[in-house]
Amino acid sequence: MGSVGESLRESAVINLTSATTMVVDDSPFGLDLTCQALRGFGIRTSYTCQSAAEAMEILADQPIDLLVVDCEMPSVDGYELVRWLRRSAQTNAMAPVIMTAAHMRRSKIAEARDCGANFVVTKPFSASTLLERIVWVARDVRPFLEVGDYFGPDRRFREGPPPTEERRAAVIRKAAFDAEQASRAAAKDDA
């Protein structure tokens, strides 16, 4: 059982209307779509950048409360931007980062985790999925660690699984198949 502080934290209302946010995406369509989703939650996007270089200039001077960064960009990609952020941008080194990507292979998810991102959201994402990740990041209590060349949030989830139910199609199909097999076996035993 958690402490009183933990239960209050779980039930706390999160108001992001005054959060300073930055969205970084080389695609004007992706940039606009992400900003519209954030606006739907009452979050005004303070900075929109179409390149990591543009984002770095702002991050060097301006405090940011939340970054939503596309993984795949030309020149400096999102992974390098987050590595730079964690190591070089003293003002924003511990700012929460949600990365977005259209094609997320397992190796790319590991790269996002290893560069210091808090979470990855696969495009096209639903507004509810993005909001779920933002709220989870707002409530995240994982400490930041510096181990070797890694600096970022503790990559281990210490209490239970990640914050959502399983959504991978193959795992869901296998669970449904296993449940059906168990049901058939139980029906056969009853007969």
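Is T34 buried or exposed? T34 is buried, with a relative accessible area of 3%. Hold on to that residue; I will come back to it.

What you see above is a predicted model. So first, confidence. The mean pLDDT of the protein is 82. Of its residues, 84% reach 70 or more. Where is confidence lowest, and where is it highest? The lowest is helix 1, residues 4-11, with a mean of 46. The highest is strand 1, residues 21-24, at 96. Over residues 1-8 the pLDDT falls below 50. That stretch has one contact in the model, beyond near neighbours in sequence. Where pLDDT is low, the predicted coordinates should not be read in detail. I will leave helix 1 there.

Now the overall layout. The protein has seven helices and seven strands. Along the sequence, the order is α-β-α-β-α-β-α-β-α-β-α-β-β-α. There are 191 residues, and 35% of them are buried. Take the contacts between residues at least 6 apart in sequence: 64% of these join residues at least 24 apart. The accessible surface is about 11500 Å². Carbon and sulfur atoms account for 55% of that surface.

On to helix 2, residues 28-40. It has 13 residues and reaches 18 Å from first C-alpha to last. That is close to the 18 Å expected at 1.5 Å a residue. Which residues of helix 2 are buried? They are G30, L31, T34, C35, A37 and L38. These cover an arc of only 160° around the axis, which puts them on the same side of helix 2. The general rule helps here. An α-helix has 3.6 residues a turn, so residues three or four places apart point the same way.

What does that buried side pack against? The partners are strand 1, strand 2 (45-49), strand 3 (66-70) and helix 6 (127-139). T34 belongs to helix 2. Leaving out residues up to four places away in sequence, T34 touches V23, V68 and F125.

Turn helix 2 around. The face away from the buried side carries the exposed residues P28, F29, R39 and G40. P28 has a relative accessible area of 55%. The C-alpha atoms of P28 and T48 are 9.8 Å apart, with their positions 20 residues apart along the chain. Just after helix 2 comes G42, with a positive phi of about 90°.

Helix 6 next. Its 13 residues should span 18 Å at 1.5 Å a residue, and its end C-alpha atoms are 18 Å apart, which agrees. Its buried residues are T129, L130, R133, I134 and V137. Seen down the axis, they fall within an arc of 135°, so they line one face of helix 6. Note that R133, an arginine, is on that buried list. What do these residues pack against? They pack against helix 2, strand 3, strand 4 (97-101) and strand 5 (119-122). Helix 2 lists helix 6 among its own partners as well.

Now the cysteines. How many disulfides does a search of the whole structure find? Zero. Why is C49 not bonded to C35? The C35 sulfur is the closest cysteine sulfur to that of C49, but it is 9.8 Å away, too far for a bond. For scale, the cut-off for a disulfide is 2.5 Å between sulfur atoms. C49 is buried, with a relative accessible area of 0%. C115 is in no disulfide either; the nearest cysteine sulfur, in C71, is 7.3 Å away. C115 is buried too, at 3%.

Last, two backbone details. Most residues other than glycine have a negative phi, and most peptide bonds are trans. Which peptide bond is cis here? The one from K123 to P124, with omega near -5°. P124 sits in the loop between strand 5 and helix 6. Then S75. It is not a glycine, yet it has a positive phi of about 65°. S75 lies in the loop between strand 3 and helix 4 (78-88). S75 is exposed, with a relative accessible area of 80%.

Back to where we started. T34 is buried, and it lies in helix 2. Its contacts include V23 and V68. That is my tour; over to you.

Definitions and conventions:
Residues numbered from 1 in each chain as written. Predicted model: local features only at pLDDT ≥ 70, side-chain atom pairs only at ≥ 80, totals over all residues. Heavy atoms only, no water. Helix = DSSP H or I, 4+ residues; strand = E, 2+ residues; numbered from the N terminus. Buried < 20%, exposed > 50% of the residue type's maximum accessible area, 1.4 Å probe, protein only. Contact = heavy atoms within 4.5 Å. Areas by Shrake-Rupley, 256 points an atom, 1.4 Å probe, with all protein chains shown as cover. pLDDT = per-residue confidence, 0-100. Expected span 1.5 Å × (residues − 1). Arc of directions from axis to C-beta.
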